[in-house]
Amino acid sequence: MANEEDDPVVQEIDVYLAKSLAEKLYLFQYPVRPASMPYNDIPHLSAKIKPKQQKVELEMAIDTLNPNYCRSKGEQIALNVDGTCTDESSTYSSKLMDKQTFCSSQTTSNTARYAAALYRKGELHLTPLHGILQLRPSFSYLDKADAKHREREAANEAGDSSQDEAEEDVKQITVRFSRPESEQARQRRVQSYEFLQKKHAEEPWVHLHYYGLRDSRSEYERQYLLCQGSGGVENTELIKSPSEYLMMLMPPSQEEKKDEPVAPSNVLSMTQLRTLPLADQIKILMKNVKVMPFANLMSLLGPSVDPVAVLRGIQKVAMLVQGNWVVKSDILYPRDSSSPHSGVPAEVLCRGRDFVMWKFTQSRWVVRKEVAVVTKLCAEDVKDFLEHMAVVRINKGWEFILPYDGEFIKKHPDVVQRQHMLWTGIQAKLEKVYNLVKETMPKKLDGKSVPTGLVSGDQRVQAARTQVQQNYALLTRELQRRKEQLQDLALLPAVHVKQEPMSDEDEDNEPEEEPMDTTPSSGPNSSMANGLPAGRAAGGDSFNGHPSPGGGHSPVARELRAFVEATFQKQFVLTLSELKRLFNMHLASLPPGHTLFSGISDRMLQDTVLAAGCKQILVPFPPQTAASPDEQKVFALWESGERSDQHRQVLLEIFSKNYRVRRNMIQSRLTQECGEDLSKQEVDKVLKDCCVSYGGMWYLKGTVQS
């Protein structure tokens with residue numbers, strides 16, 4: 001308080017904010033010169049600017065008559081730069097260095113806290129600065145002199161060479177093709193110094209006209225530094241509270257925020273992580289850790305998180321391998337990415353990594369050479385796959401990184417069942433792509449890992465009996481549950497479930513259900529409509545022992561019908577094999593105890609498809625085709641109520657007679673059937689919905705054989 005009393009207020013000055021030049025005002029900082037030679041008195045010959053870079057070049061005249069100017073040195077520099085000839089392209093037309101170029105550089109990227117002030121008549125007028133540029137001498141003329149010197153030397157060497165050669169010798173030229181650029185390589189190239197310099201050089205110069213300090217135009221523009229009217233609207237921003245006013249004058253520096261240490265990209269902040277939605281938390285954790293037991297995941301997410309919600313979320317981003325969760329391949333390799341080692345696209349990488357994961361579902365050990373031979377990927381990519389989920393053991397191969405989690409397997413059998421169905425679909429896809437031989441030994445998801453030590457014969461027999469008894473109890477309960485469901489579904493009177501008496505000797509063996517044929521008998525002349533027996537196509541009430549999906553008398557039929565309709569609205573054309581794979585994935589996403597887990601046969605699935613407005617397309621596959629029977633059954637959406645139905649029906653009729661077709665044939669047939677007003681966009685849409693192109697020919701989706 002004493003200091004404030006000793007320092008009284010002498011004068012109060014009104015402050016005004018002028019915004020007329022707020023987005024146009026730059027501050028130029030020139031090199032220091034003697035006060036007797038200010039820059040304002042030096043003629044500015046030219047000025048140009050690159051607005052995006054905020055880069056300025058000024059040409060200023062040099063006083064060649066000044067006694068301190070060395071004329072001989074100026075002539076020598078002009079001679080080195082321009083040579084002996086003088087034309088319009090010469091830098092120094094007077095054969096004397098009579099001008100100097102100044103180039104600008106930014107002093108700071110944040111100019112929000114700087115302003116130009118003009119004090120007039122007891123008022124302080126502030127104009128925000130748009131940029132602050134420092135001008136430094138440019139010595140580009142030296143580069144031009146060096147280039148001239150090299151040109152003269154090259155001309156002299158060319159003159160000394162012999163001119164008697166009538167014809168140059170024929171030289172062999174080696175042509176090399178660069179491989180596709182990966183995403184990481186492209187980012188490194190874009191961030192390189194050479195690329196940035198090239199981009200800066202491509203921006204065109206904007207030429208400016210320079211007005212001196214005492215020019216009338218300068219006097220006129222200088223008036224914009226004053227706030228227009230003391231009580232004008234422009235001053236409303238300064239009518240603030242003291243704290244707001246100080247914040248406007250001194251905003252937080254963005255540069256200081258940039259200087260704060262940033263954690264590495266592979267380090268997670270648990271505090272920030274828990275502010276995200278649960279699905280994002282699971283995805284980020286699995287993407288970073290890659291392999292994790294469910295118990296560890298729950299401990300990281302916290303005790304308040306619902307385990308059921310975590311189970312539902314983990315199945316979207318990870319797969320179950322030996323009771324542990326391994327992140328899905330498409331999470332690590334997004335669709336538009338590629339391998340940093342070989343440039344292989346993400347689809348091939350995902351397929352190779354899925355093969356490695358599937359191998360670990362069969363055994364705890366994987367040999368890298370075997371993976372490389374099957375997937376045909378480079379050693380670096382295969383090593384990356386294995387390092388995600390395994391550790392190398394000398395003279396043994398790669399062992400799965402975590403022990404078998406039998407506790408999770410016993411606690412969540414429904415999750416294990418859904419994961420088993422997913423792995424079955426993945427295995428079928430891998431067998432098709434890599435031409436694998438099917439495994440003769442089934443995978444045991446609910447058993448314990450094989451011990452590594454020696455086991456006696458009696459122990460093995462006892463373990464086998466225990467396993468059989470457990471399986472028998474599980475299968476008995478499952479059979480009883482299915483019987484109860486069949487009774488609830490109002491079976492036909494003609495359908496009977498045959499039950500065989502079971503002897504005591506069968507207790508040590510796994511019970512097997514005797515296959516039963518519930519299809520109504522029909523003679524060879526029975527009529528078919530759209531692939532369905534005549535009775536069902538006409539609106540029968542039941543088929544295969546279940547209520548007709550078309551009638552919608554049961555929850556199973558309604559759920560299955562909804563899945564089929566939603567799937568064909570997106571895919572339009574599907575083989576039975578692909579439809580079963582999508583259905584298994586749909587089952588894996590359903591909660592435990594859902595009605596679709598009651599058991600859906602292939603026949604029931606096909607009949608539901610035919611009853612949902614689809615048709616089976618009898619594609620004439622070639623005799624030597626490697627497609628399986630399920631892959632040769634092709635179904636397509638026939639009617640959806642849209643204008644494109646007619647185009648799709650014409651296309652499907654073409655493929656009912658041809659295995660592959662050229663585009664011009666499809667175009668002419670569509671034009672013939674649908675009229676001349678058919679646009680190219682409509683043709684492209686129907687081809688995109690139903691077909692794929694391979695080798696210049698068009699195939700229905702799922703029918704092309706590589």
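**A colleague's note on the predicted model**

Of the 706 residues in this chain, 32% count as buried. Please keep in mind as you read that this is a predicted model. Here are the points I would look at with the structure open.

1. **The overall make-up.** The chain holds 27 helices and 24 strands. If you take the contacts between residues at least 6 apart in sequence, 66% of them join residues at least 24 apart.

2. **Helix 14 on its own.** A good place to begin is helix 14, which covers residues 346-362 and so has 17 residues. From its first C-alpha to its last it reaches 25 Å, close to the 24 Å expected at 1.5 Å a residue. How much of helix 14 is covered? Most of it: 12 of the 17 residues are buried. Among them are Leu349, Cys350, Phe355, Val356, Met357, Trp358 and Phe360. Arg353 and Lys359 are also on the buried list, as are Gly352 and Thr361.

3. **Helix 14 against helix 16.** One partner of helix 14 is helix 16, residues 379-389. The two pack at an angle of about 45°, with their axes 10 Å apart. That angle makes helix 14 oblique to helix 16. The crossing of this pair is right-handed. On the helix 14 side the contact uses Leu349, Gly352, Arg353, Val356, Met357 and Phe360. Facing them in helix 16 are Asp381, Phe385, Leu386, His388 and Met389. The six helix 14 residues named here also appear among the buried residues of that helix.

4. **Helix 14 against helix 18.** Helix 14 also meets helix 18 (residues 413-434), where the axes come within 10 Å and cross at roughly 120°. Here too, helix 14 is oblique to its partner, helix 18. This crossing is left-handed, whereas the one with helix 16 is right-handed. From helix 14, the residues in contact are Arg351, Gly352, Asp354, Phe355, Met357, Trp358 and Thr361. From helix 18 they are Trp423, Ile426, Gln427, Leu430, Val433 and Tyr434. Which residues of helix 14 take part in both contacts? Gly352 and Met357 are listed for helix 16 and again for helix 18.

5. **Helix 25 against helix 27.** Further along the chain, helix 25 (residues 645-655) packs on helix 27 (residues 680-690) at an angle of about 60°, with the axes 10 Å apart. The two helices are therefore oblique to each other. Their crossing is right-handed. His647, Arg648 and Leu651 of helix 25 make the contact with Glu682, Val686, Leu687 and Cys690 of helix 27.

6. **Cysteines and disulfides.** You may want to know how many disulfides the model has: the count comes to 0. Cys690, which appeared in the previous point, shows why a sequence neighbour need not be a bonding partner here. Its closest cysteine sulfur is in Cys691, 5.7 Å away, and that is too far for a bond, since a disulfide needs the two sulfur atoms within 2.5 Å. Both residues are buried: Cys690 has a relative accessible area of 0%, and Cys691 has 4%.

7. **Met292 and its surroundings.** Met292 is found in strand 10, residues 291-292. Is Met292 buried or exposed? At 3% relative accessibility it counts as buried, because the cut-off for buried is under 20%. Leaving aside neighbours within four places in sequence, Met292 is in contact with Leu285, Met286, Leu297, Leu300, Asn324, Trp325 and Leu402. Leu402 is worth a look, as it lies 110 residues from Met292 along the chain while their C-alpha atoms are separated by 8.0 Å.

8. **Two residues with positive phi.** Lys376 is not a glycine, yet its phi is positive, at about 60°. Lys376 is found in the loop between helix 15 (368-375) and helix 16. With 70% relative accessibility, Lys376 counts as exposed. Asn395 is another residue other than glycine with a positive phi, in this case near 65°. Asn395 sits in the loop between strand 14 (390-393) and strand 15 (397-400). At 79% relative accessibility, Asn395 counts as exposed too.

Methods
Residues numbered from 1 in each chain as written. Predicted model: local features only at pLDDT ≥ 70, side-chain atom pairs only at ≥ 80, totals over all residues. Heavy atoms only, no water. Helix = DSSP H or I, 4+ residues; strand = E, 2+ residues; numbered from the N terminus. Expected span 1.5 Å × (residues − 1). Buried < 20%, exposed > 50% of the residue type's maximum accessible area, 1.4 Å probe, protein only. Axes fitted to C-alpha atoms, helices over the stretch in contact; angles between N-to-C directions. Parallel < 35°, antiparallel > 145°, perpendicular 65-115°, else oblique. Left-handed = near helix turned anticlockwise from the far one by under 90°. Contact = heavy atoms within 4.5 Å.
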